[in-house]
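Biologist: I am new to this structure and would like to go through it step by step. Please show it first.

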Amino acid sequence: MMPPANIYKTETNEQKLHKIANELLLTERAYVNRLDLLDQVFYCKLLEEANRGSFPAEMVNKIFSNISSINAFHSKFLLPELEKRMQEWETTPRIGDILQKLAPFLKMYGEYVKGFDNAMELVKNMTERIPQFKSVVEEIQRQKICGSLTLQHHMLEPVQRIPRYELLLKDYLRQLPPDSLDWNDAKKSLEIISTAASHSNSAIRKMENLKKLLEIYEMLGEEEDIVNPSNELIKEGQILKLAARNTSAQERYLFLFNDMLLYCVPRFSLVGSKFTVRTRVGIDGMKIVETQNEEYPHTFQVSGKERTLELQASSEQDKEEWIKALQETIDAFHQRHETFRNAIAKDNDSQSEVSTAELGKRAPRWIRDNEVTMCMKCKESFNALTRRRHHCRACGHVVCWKCSDYKAQLEYDGGKLSKVCKDCYQIISGFTESEEKKRKGILEIESAEVSGNSVVCSFLQYMEKSKPWQKAWCVIPKQDPLALYMYGAPQDVRAQATIPLLGYIVDDMPRSADLPHSFKLTQSKSAHSFAADSEELKQKWLKIILLAVTGETTDDPNEHSATLDDHAEPKKKSEC
């Protein structure tokens with residue numbers, strides 16, 4: 001018997017487009033259920049336990065960030081729009097217009113993604129140290145709705161969702177005829193969502209990187225402090241080390257990170273690979289030299305401040321791969337630090353700073369205390385009790401006590417032993433030591449750099465919730481026009497905080513009679529109040545912020561005249 005004639009009939013483009021749109025709807029329904037689990041179950045139950053005094057509620061808010069806003073956006077706006085459109089598909093077969101209209105709000109994911117690393121670390125620490133926290137989480141995880149998955153697994157879903165939109169939209173555009181009415185909207189949606197997806201993909205890679213760092217941490221006997229979001233594993237593998245005296249080859253193992261090379265010796269273990277670290281070689285100052293040895297082929301030399309190693313690869317290809325990885329890591333390290341070093345080398349006054357050759361031979365110009373609010377070396381914020389200001393007597397930089405715990409003889413001061421920073425100590429004394437761990441985070445963007453290329457910047461009075469008012473240097477940079485960066489002073493090398501403006505509600509009513517030029521930003525449980533020195537400055541800020549909260553940007557605040565009436569306040573989420 002012959003099969004029906006249409007059994008081998010391929011799907012038409014229209015059918016493929018409907019299938020993709022339907023998949024978007026089905027996955028959106030499942031995603032909203034997961035968001036509701038995070039927001040209404042995990043978040044609310046933990047908040048209830050926190051309100052009993054078991055642990056700080058602030059910790060719970062840090063873990064879940066703006067998950068309530070994300071949940072509200074998807075459950076109240078995006079999902080209903082998709083449901084309605086699929087019901088009307090016969091007459092309106094398109095989804096690009098929906099996503100193009102709502103895509104800017106997806107940028108609210110920026111806040112969630114930025115805090116994701118710290119949130120995962122916080123869950124880990126609180127689970128280990130606070131029994132009440134662990135009990136609530138495990139009780140929820142046993143419920144059927146969790147599907148035998150952990151809290152951390154569900155927290156990763158918002159990070160993974162944006163790349164999923166990107167894949168579906170790319171597939172949708174491939175099937176969509178270029179002359180379709182939906183083409184332009186779908187293409188614009190993809191551009192915006194791809195930007196947000198790049199941040200999510202970065203967070204996913206960071207998560208995978210942290211898991212790998214934990215594995216290496218255990219392989220090294222839990223003795224090396226390498227588990228840090230700023231650390232990135234570049235390459236690892238076996239290598240042979242040539243002895244200096246008899247050129248015999250000894251088995252070794254290398255772990256190459258973005259700021260150091262761990263030179264390790266294998267040790268006996270019944271379970272898994274185990275290693276002992278012989279030397280940490282910092283990437284700063286490292287040089288790679290290809291060497292020739294007739295008896296031992298495929299050799300190269302790693303020369304660092306701490307040690308020089310003569311190494312032999314297993315093949316010419318293996319050698320080339322190691323040299324390439326090491327050299328690219330060195331280049332990337334110097335590129336990352338170039339901006340910071342250039343900024344440090346600049347002098348704010350007409351008088352130039354002491355050159356490296358003159359360190360200790362000529363008295364420096366001291367940076368004034370009020371020009372910085374954080375250590376110019378480790379970038380930790382100063383405070384009156386535990387981290388006070390000190391001056392390096394060699395370069396004049398303002399540093400904390402940890403970074404000034406060195407003394408060197410200064411020629412300009414008659415050879416007297418004086419307090420200096422670590423960098424100057426190493427230059428003057430000629431002594432080098434292992435690279436200390438350096439923390440770099442999302443806030444490490446220099447004030448002077450962004451202020452010079454900003455949409456708007458000025459001093460504003462700032463208050464978060466019921467905390468006291470404080471003065472802050474506020475900047476909305478051109479390269480990140482939907483975020484407000486706050487610094488303690490215009491020359492600080494790291495922001496104290498950032499506020500992703502998308503989705504915030506703006507209230508321009510004065511906070512008090514003493515601050516007539518104030519306004520307030522609110523979103524979910526976050527509230528930020530600002531006050532300008534004049535009504536003109538306040539209006540200048542409001543024009544930019546009112547655009548940013550809706551996903552719009554401008555290079556010139558005078559070109560727009562946004563008003564508060566243009567932005568209706570959405571319904572607020574009920575208290576947990």
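Modeller: One term is needed before we start: a cavity is a set of grid points where a 1.4 Å probe fits but cannot get out. Note also that this is a predicted model.

Biologist: How many cavities of 30 Å³ or more does a search of the whole structure find?

Modeller: The search covers the whole structure and keeps cavities of 30 Å³ or more. The second largest of them has a volume of about 50 Å³. The number found is 4.

Biologist: Which helix gives the most to the lining of the second largest cavity?

Modeller: The lining consists of Ile20, Leu24, Ile95, Leu99, Tyr165, Leu168, Leu169 and Tyr172. These residues divide into 8 nonpolar, no polar and no charged. Two elements, helix 1 (13-51) and helix 8 (151-175), give two or more residues each. With 4 residues, the one that gives the most is helix 8.

Biologist: Which strands stand at the edges of the open sheet, each with a single partner strand?

Modeller: The sheet has 7 strands with antiparallel pairing, in the order 15-14-13-12-18-17-16. Each edge strand has a single partner, so one side of it is left without a neighbour in the sheet. They are strand 15 (497-500) and strand 16 (505-507).

Biologist: What is the bridge partner of Met463 in strand 18?

Modeller: Strand 12 (residues 454-464) pairs with strand 18 (residues 526-531) in the antiparallel sense, over 4 bridges. In strand 18, the partner of Met463 is Ser529.

Biologist: At what angle to strand 12 does helix 13 run?

Modeller: Helix 13 (residues 535-548) lies across strands 12, 13, 14, 16 and 17. Its angle to strand 12 is about 105 degrees.

Definitions and conventions
Residues are numbered from 1 along each chain as its sequence is written. This is a predicted model: local features need pLDDT of at least 70, side-chain atom pairs count only at pLDDT 80 or more; totals for chains, interfaces and linings use all residues. Side-chain values use heavy atoms; hydrogens and water are left out. Two strands pair if DSSP finds at least two bridges between them. Contact means heavy atoms within 4.5 Å. Axes are lines fitted to C-alpha atoms, for helices over the stretch in contact, and angles run from 0 to 180 degrees between N-to-C directions. On a 1 Å grid over the protein atoms alone, a cavity is a set of points where a 1.4 Å probe fits but cannot get out, and a pocket is an open set with protein on both sides within 12 Å along at least five of seven lines; lining residues have an atom within 4 Å of a point. Grid points are joined across faces, edges and corners, and a volume is the space filled by probe spheres set on the points. Ala, Val, Leu, Ile, Met, Phe, Trp, Tyr, Cys and Pro count as nonpolar, Asp, Glu, Lys and Arg as charged, and the others, Gly among them, as polar.
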